[in-house]
Amino acid sequence: MPQIYSRIIATGSALPERVVTNVDLEKIVDTSDEWIHSRTGIRQRHIAADGETTGDLAFRAAQSALEAAGVKASELDLIVLGTTTPDIIFPSTACLVQHRLGANGCAAFDVNAACSGFVYALGIADKFIRSGQSKKVLVIGAETLTRMVDWSDRQTCVLFGDGAGAVVLEASSEPGIYATCLHADGGFKELLYNPVGVSVGFNDEPNHGVRIHMSGREVFKVAVKTLDSLVGETLEAAGMVESQIDWLIPHQANLRIIEATAKRLNMSMERVIVTVDKHANTSSGSVPLALDYAVRSGKVQRGQNLLLEAFGGGFTWASALLRY
Ligand code: COA
């Protein structure tokens, strides 16, 4: 049997219209553009309008990817959507998007791996295609993380934004995704989490206690160390060396974490896609938003090798090495 690969045939993305700059945030918390930019690389973020949901952003990103691919929603046989901010508890946001696209009948489900959601979803979709189960798959990463932000907490509210990205994957005899690596360690729960939910209940804090708790400095340290070993593992799984990677497309949480990963790969920052300045941390939205920006701006060309990686609450961490 010839080897089946999954190939990204097109990308898409969507951002809310409203932009909030660091200077805007200076008016609501004790912070400064200088502090935020020097620590994180962030200058601004997009924030969903009242009533605008993760599903709305996912739907728009999906439409733009399908249009670029020239694929009809009815041709899809799977939709996998990474999110930690679903519109409602169930049905899944993937099912809501499936219905709006008119792709009814194909399998559709959400993956919650916090900020690694899109790369996890890509890894899962790749396995469906490689096994022969699926031929055309829509993979989405979409979030409205600012809905979980406590706007009086300067340690977290400056870091996050909303947005979505999507890719259409197709079965192909040519590579394709060479390797994906997915990992988690639930022992790190206390460093980055949202403590309330249906099973444990909600509390009397503002927004019923729905808010991000984060030990920033510890998260930073573990992220750098973990991504360092993840990129080595991914190269080995793909049978490649650092110099074969044309572009690093990292999770956009913090420019200093991105720079550390680039250094580990001996890559100059010219070969790294950076959108954290414009989007901030959009969790599952971040990697596919950066990928779509890289494709549409003409930076990434067909035939080039891309290393995608992400790290998030759980902790979770994941990567994909692919030929675009
Ligand atoms: N504006 C101004 N000052 C702030 C601030 C803000 N928005 N947030 C925190 N500070 C203050 C702190 O109160 C502290 O003051 P103190 O020294 O008087 O106590 C000081 O700045 C340093 O805080 P610290 O948390 O040690 O800063 P840091 O250099 O570690 O940077 C982060 C904080 C959050 C930017 C950084 O730790 C980080 O990016 N971590 C990773 C987070 C992440 O990526 N999370 C998502 C993973 S998917």
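**View 1. C115 and its partners in the UniProt active site.** C115 sits in the loop that runs between strand 5 (107–111) and helix 5. We're looking at a predicted model here, so read every view with that in mind. UniProt, in an unreviewed entry, lists C115 together with H251 and N281 under "active site". Along the sequence these residues are spread over 167 positions, yet in space they cluster, with a largest C-alpha distance of 8.6 Å.

**View 2. The two domains, side by side.** The domain assignment splits the protein into domain 1 (5–174) and domain 2 (178–323). Take the centres over C-alpha atoms and you get 14 Å between domain 1 and domain 2. How many residues of each domain are in contact with the other? For domain 1 the count is 58, and these meet 48 residues of domain 2. Put the two domains together and about 3800 Å² is buried between them, with carbon and sulfur atoms giving 60% of that area.

**View 3. Polar links across the interface of domain 1 and domain 2.** One salt bridge turns up across this interface. Zoom in on D150 and R211 to see side chains meeting in a salt bridge, at 3.9 Å from N to O. Polar contacts between domain 1 and domain 2 come to 24 residue pairs, counting pairs with both residues at pLDDT 80 or more. Which elements supply the side of domain 1 that touches domain 2? At least two residues each come from strand 1 (5–14), helix 2 (33–40), strand 3 (44–47), helix 3 (54–69), helix 5 (117–130), strand 6 (136–144), helix 6 (154–157) and strand 7 (162–172). Helix 5 gives the largest share of that side, nine residues. Sorted by type, the residues on this side of domain 1 are 24 nonpolar, 21 polar and 13 charged.

**View 4. The two stretches that UniProt annotates as synthase III domains.** The unreviewed UniProt entry puts the feature "domain: Beta-ketoacyl-[acyl-carrier-protein] synthase III N-terminal" at residues 109–186. That span is 23% helix and 40% strand, and its end C-alpha atoms lie 22 Å apart. Its C-terminal counterpart, "domain: Beta-ketoacyl-[acyl-carrier-protein] synthase III C-terminal", also from the unreviewed entry, is placed at residues 235–324. For residues 235–324 the make-up is 32% helix and 22% strand, with 16 Å between the end C-alpha atoms.

**View 5. A pair of cis peptide bonds.** Most peptide bonds are trans, so cis ones are worth a close-up. P175 and G176 are joined by a cis peptide bond with omega of about 0°. Look for G176 in the loop between strand 7 and strand 8 (177–184). A cis bond also joins G314 and F315, with omega at about -10°. Where is F315? This residue belongs to the loop between strand 12 (305–312) and strand 13 (316–323).

**View 6. N266 and its positive phi.** Residues other than glycine mostly have a negative phi. N266, which isn't a glycine, has a positive phi near 55°. You'll find N266 in the loop between helix 8 (255–264) and helix 9 (276–279).

Definitions and conventions:
Residues are numbered from 1 along each chain as its sequence is written. This is a predicted model: local features need pLDDT of at least 70, side-chain atom pairs count only at pLDDT 80 or more; totals for chains, interfaces and linings use all residues. Side-chain values use heavy atoms; hydrogens and water are left out. Domain bounds come from an automatic or database domain assignment. Contact means heavy atoms within 4.5 Å. Buried area is the accessible area (1.4 Å probe) that two parts lose on being put together, summed over both. A salt bridge is a side-chain nitrogen of Lys or Arg within 4 Å of a carboxyl oxygen of Asp or Glu. A polar contact is a pair of N or O atoms within 3.5 Å; within protein, one must be able to donate a hydrogen and the other to accept it, and residues adjacent in sequence count only if both atoms are side-chain atoms. Helices (H or I, at least four residues) and strands (E, at least two) are DSSP runs, numbered from the N terminus. Ala, Val, Leu, Ile, Met, Phe, Trp, Tyr, Cys and Pro count as nonpolar, Asp, Glu, Lys and Arg as charged, and the others, Gly among them, as polar. UniProt positions are given in the numbering used here, feature names are shortened, and annotations may be inferred rather than shown by experiment.
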